Amino acid sequence: MPSPRTTTRRLARLRALYALHYGGAGLWIPYLAPFLEAAGVSGASQGVLFALRNAAFVFTQPLLGLLADRVGIARVLKGSAIAAAVTWLLVLRGGGRIEVAAVFLLMAVGVSALAGLIDANVLATLEGPGGEDAGGPRAFARSRISGSIGFALAALVFGVMIAGGTPGAARTAIVAVAFLQVATALLALTAPSDVR
């Protein structure tokens, strides 16, 4: 049985994952569309790309859930964190229509799936051995708030830094998102894999 200290460390790592991942969301939500527009992707094409991502998300989420049941939530989280990091690096690289469409499909498995997988890991930790010492499932909100703090801080700090509409702000924001997602993947890869 994990010690309370082990459970506390695991929760701290998961809270950091929330903060990093949602910190990225605090930047990509307002800046991805302008970034794509500057890269020559029309508004209509962006609508199709986001619809494609959402449709893929509907199909990939049950599959990721089945995979998590089979191999463990932490392992699937690691894979999705890597997919999210690769997604943002590919967004920065750009490419033609097929490449951009493929990136949006990858986004469904990585970026869109990551929050739910972190949620599942937190709940598995809180419901598992030693979880009651950390507050049990009732402590879920204390972990989840880390994401909200990460989102707000990233949006606020970036907004203050680029006050006045700095040229290239959208690209700078997406570079920051890529950095945050790579950091998320690195942190996820160092997490223990024994949470099932």
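Helices are taken here as DSSP runs of at least four residues, numbered from the N terminus. The structure described is a predicted model, and the account below follows helix α7 and its contacts before turning to helices α2 and α3 and to single positions in α1 and α6.

Helix α7, which comprises residues 169-189, includes L187. The end C-alpha atoms of α7 are 30 Å apart, in agreement with the 30 Å that its 21 residues should span at 1.5 Å a residue. Many positions along α7 are buried, among them A169, A170, A173, I174 and V177 towards the start of the list, and Q181, T184, A185 and A188 further along the chain. When residues up to four places away in sequence are set aside, L187 touches R13, A16, L17 and L20. By contrast with these contacts, the C-alpha atoms of L187 and F35 are separated by 27 Å, the two residues being 152 residues apart along the chain.

Helix α2 covers residues 43-71, and its 29 residues should span 42 Å at 1.5 Å a residue; the end C-alpha atoms are 40 Å apart, which agrees with that expectation. The helix nevertheless has a kink of about 30° at F59, shortly before the proline P62. The buried residues in α2 include Q46, L49, R53, A56, T60, L64 and A68. An α-helix has 3.6 residues a turn, so residues three or four places apart point the same way. Just after α2, G72 takes a positive phi of about 110°.

Helix α3, residues 73-93, packs against α2 at an angle of about 130°, with the two axes 7 Å apart. This angle makes α2 oblique to α3. The contact brings L64, L67, A68 and V71 of α2 together with I73, R75, V76 and S80 of α3. Sorted by class, the residues of this contact comprise 6 nonpolar, 1 polar and 1 charged. Two of the α2 residues that take part in the contact, L64 and A68, are also among the buried positions of that helix. The 21 residues of α3 reach 30 Å from the first C-alpha to the last, close to the 30 Å expected at 1.5 Å a residue. Just after α3, G94 takes a positive phi of about 80°.

Within α3, L92 is buried, because its relative accessible area of 18% falls under the 20% limit. Leaving out residues up to four places away in sequence, L92 touches F35, R171, I174, V175 and A178, and of these contact partners I174 and A178 are themselves buried in α7. The C-alpha atoms of L92 and G40 are separated by 13 Å, although the residues are 52 residues apart along the chain.

Helix α1, which comprises residues 4-38, contains A33. With a relative accessibility of 33%, A33 counts as partly exposed, since this value lies between the limits of 20% for buried and 50% for exposed residues. The C-alpha atoms of A33 and G47 are separated by 9.7 Å, with the two positions 14 residues apart in numbering along the chain.

In helix α6, residues 140-161, the position considered is S146, which is buried with a relative accessible area of 14%. Apart from neighbours within four places in sequence, S146 is in contact with R15, Y18 and A19. S146 and L14 lie 132 residues apart in sequence, while their C-alpha atoms are 9.1 Å apart in space.

Notes
Residues numbered from 1 in each chain as written. Predicted model: local features only at pLDDT ≥ 70, side-chain atom pairs only at ≥ 80, totals over all residues. Heavy atoms only, no water. Expected span 1.5 Å × (residues − 1). Bend = angle between axes of the 7 residues up to and from the residue. Buried < 20%, exposed > 50% of the residue type's maximum accessible area, 1.4 Å probe, protein only. Axes fitted to C-alpha atoms, helices over the stretch in contact; angles between N-to-C directions. Parallel < 35°, antiparallel > 145°, perpendicular 65-115°, else oblique. Contact = heavy atoms within 4.5 Å. Nonpolar A, V, L, I, M, F, W, Y, C, P; charged D, E, K, R; others polar.
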